[in-house]
Amino acid sequence: MNIGIDARMLGSGFGLARYTQQLVQHLLGVENTHTYVLFLRKDNWDEVLPHKRIKKVLADIPWYSVAEQVQLPKLLNKEKLDLMHFPHWNVPLFYTGKFVVTIHDLIMYHFPRPEATTLGPVKFFIKDKIHRIVLRNAVKKAKHILVTSEFTKHDVAKHVQVKEEKMTTTYQAPFTLEEEQVGQDAKQVLEKYHISKPYVLYVGAAYPHKNLDRLVDAWQVFQETYGNTHQLVLVGKENYFYTKLQEKINGLNGVVYTGFVPDEELVALYKKAKLYVFPSLYEGFGIPPLEAMQYGIPVVSSSATCLPEVLGGAAIYVDPLHIESMAEAIHRGLGDIDARHAVKEEAKILLQKYSWSKLACETVRVYER
């Protein structure tokens, strides 16, 4: 088949960018029959190397735009595709070709609040309504839907009225750097980011559903109850939400915000962390705690949404709405030797469950079906 993939979001970052990158990379390794037409932007054009079964098409079109609705279908139709894969729900409303779509989560249904965006209330309301129309159109017209967890499958079935038989769960996997990329001296990295004590690590965004406000409050309770023995290190690209959070943490002892950290330095931060904490209120999958587990770090995780499904017995769980319980769980994760050992051993088994090659194989089976 001649299969198109909307690769405009492909990249080496997080979320959709990493998913699309790893999918494309591993599809070529798990089968040798189909050809792939990748629709790319100028910014990520060179991230896909030449290959005899890949054709690259320039589609320098912003996502969630009018141009996406009007110009993208024309580009897709020119390629005479047997099937198109949209790795996100932003499918042009009037695209008439056969396609599958990946739904990663329904965050817009669970956190549809103006404070979760930099837009004003009126613009947010209009944007939210349009996004819901586009998503509903995508799941209705799709020949099949790929979802990231059984939780997401049930969520989509409930909120968008899609039969579960129309959906297939394909679990993602943590990303591992090649050894040659991991040469950074840990001591220098810690000094660079002003980390001077044993530390608890969080890596990711600061959107409201990530629940970092409560994490910072729990950290204050932890220090007041158990002493100022550790630091909390927050890693994530600076944006509106991290800027807002900084106003809260600037006057606090024991909280370090690093901003964006390059991969080779991030590995050093992972390797030296005493504990990883993931307080999220909502996830469609949840890769960051799995990445922490790869480096042998015990994980304290929220018990919300898909996280118990994804992390199994390899985490210490906590109610993400209960600040005191979060502080206590962090204390246990740092000081309870038996609990730390138990979740680390469970993590070794759990990690064998997830692989990008397996995801690619399952995706190809959906294409062929």
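**Group meeting: a walk through a predicted chain**

Being 3 residues apart in helix H7, Trp-219 and Phe-222 are separated by about one helical turn, and I would like to begin with that detail before turning to the chain as a whole. I should say at once that what we have in front of us is a predicted model, and everything that follows should be heard with that in mind.

Let me now step back to the overall picture. The protein chain has 14 helices and 13 strands. Its radius of gyration is 21 Å, close to the 21 Å that the globule rule gives for 369 residues, so the chain is as compact as a globular protein of that length. Taken along the principal axes, the C-alpha atoms fill a box of roughly 65 × 50 × 35 Å. Of the 369 residues, 55% are buried, and the chain exposes about 17,100 Å², of which carbon and sulfur atoms supply 53%. If we consider the contacts between residues at least 6 apart in sequence, 65% of them join residues at least 24 apart.

Next, the interior. In soluble globular proteins, nonpolar side chains tend to be buried together. In this model the largest nonpolar core has 124 residues, and those with the most contacts inside it are Leu-234 and Tyr-276. Which residues does Tyr-276 touch, if we leave out those up to four places away in sequence? The list includes Leu-201, Tyr-202 and Val-203, then Tyr-270, and further along Pro-288, Pro-289 and Ala-292, together with the run Ile-297, Pro-298, Val-299 and Val-300. Tyr-276 also belongs to a cluster in which ring pairs link Tyr-202, Tyr-270, Tyr-276, Phe-278 and Tyr-295, so that Tyr-202 and Tyr-270 appear both among the contacts of Tyr-276 and in this cluster of rings.

That brings me to the aromatic pairs, of which the structure holds 18. The rings of Tyr-171 and Tyr-354 have their centres 5.7 Å apart and their planes at 80 degrees, so this pair is edge-to-face. Tyr-171 lies in the loop between E7 and helix H6 (186-192), whereas Tyr-354 lies in the loop between helix H13 (337-350) and helix H14 (356-368), so the pair ties together parts that are 183 residues apart in sequence. Both Tyr-171 and Tyr-354 are buried. The pair I opened with, Trp-219 and Phe-222, is stacked, with 4.8 Å from centre to centre and 25 degrees between the planes. Trp-219 is buried at 0% relative accessibility, and Phe-222 is likewise buried, with a relative accessible area of 2%.

Now to strand E1. Where does this strand sit, enclosed by the rest of the structure or not? Of its 5 residues, 2-6, 5 are buried, so the strand is largely enclosed by the rest of the structure. Asn-2, Gly-4 and Asp-6 point one way from E1, while Ile-3 and Ile-5 point the other way, and all are buried. E1 runs parallel to strand E2 (residues 35-40), to which 5 bridges join it, and in E2 the bridge partner of Ile-3 is Tyr-36. E1 also pairs in the parallel sense with strand E4 (residues 83-86), over 3 bridges, and there the partner of Ile-5 is His-85.

Finally, a few loop residues. Most residues other than glycine have a negative phi. Gln-161, which is not a glycine, nevertheless has a positive phi of about 55 degrees, and it is found in the loop between helix H5 (150-160) and strand E7 (167-169). Asn-211 also has a positive phi, near 70 degrees, and lies in the loop between strand E8 (199-203) and helix H7 (212-226). Are these two residues buried or exposed? Gln-161 counts as exposed, at 55% relative accessibility, whereas Asn-211 counts as buried, at 3%.

The last residue is Lys-237, in the loop between strand E9 (231-235) and helix H8 (240-249), which counts as exposed at 63% relative accessibility. Leaving out residues up to four places away in sequence, Lys-237 touches Tyr-242, Tyr-257, Gly-259 and Phe-260. The C-alpha atoms of Lys-237 and Thr-258, which are 21 residues apart along the chain, are separated by 8.6 Å.

Conventions
Residues are numbered from 1 along each chain as its sequence is written. Side-chain values use heavy atoms; hydrogens and water are left out. A nonpolar core is a set of buried Ala, Val, Leu, Ile, Met, Phe, Trp, Tyr and Cys residues joined through side-chain atoms within 4.5 Å. Buried means under 20% relative accessible area, exposed over 50%, partly exposed in between (1.4 Å probe, protein chains only). Contact means heavy atoms within 4.5 Å. Helices (H or I, at least four residues) and strands (E, at least two) are DSSP runs, numbered from the N terminus. Two strands pair if DSSP finds at least two bridges between them. The radius of gyration is taken over C-alpha atoms; the globule rule is 2.2 Å times the number of residues to the power 0.38. Accessible areas come from the Shrake-Rupley method with a 1.4 Å probe; for residues, only the protein chains shown count as cover. Rings of Phe, Tyr and Trp (its six-membered ring) pair if their centres lie within 6.5 Å; planes under 30 degrees apart count as stacked, over 60 as edge-to-face and the rest as tilted.
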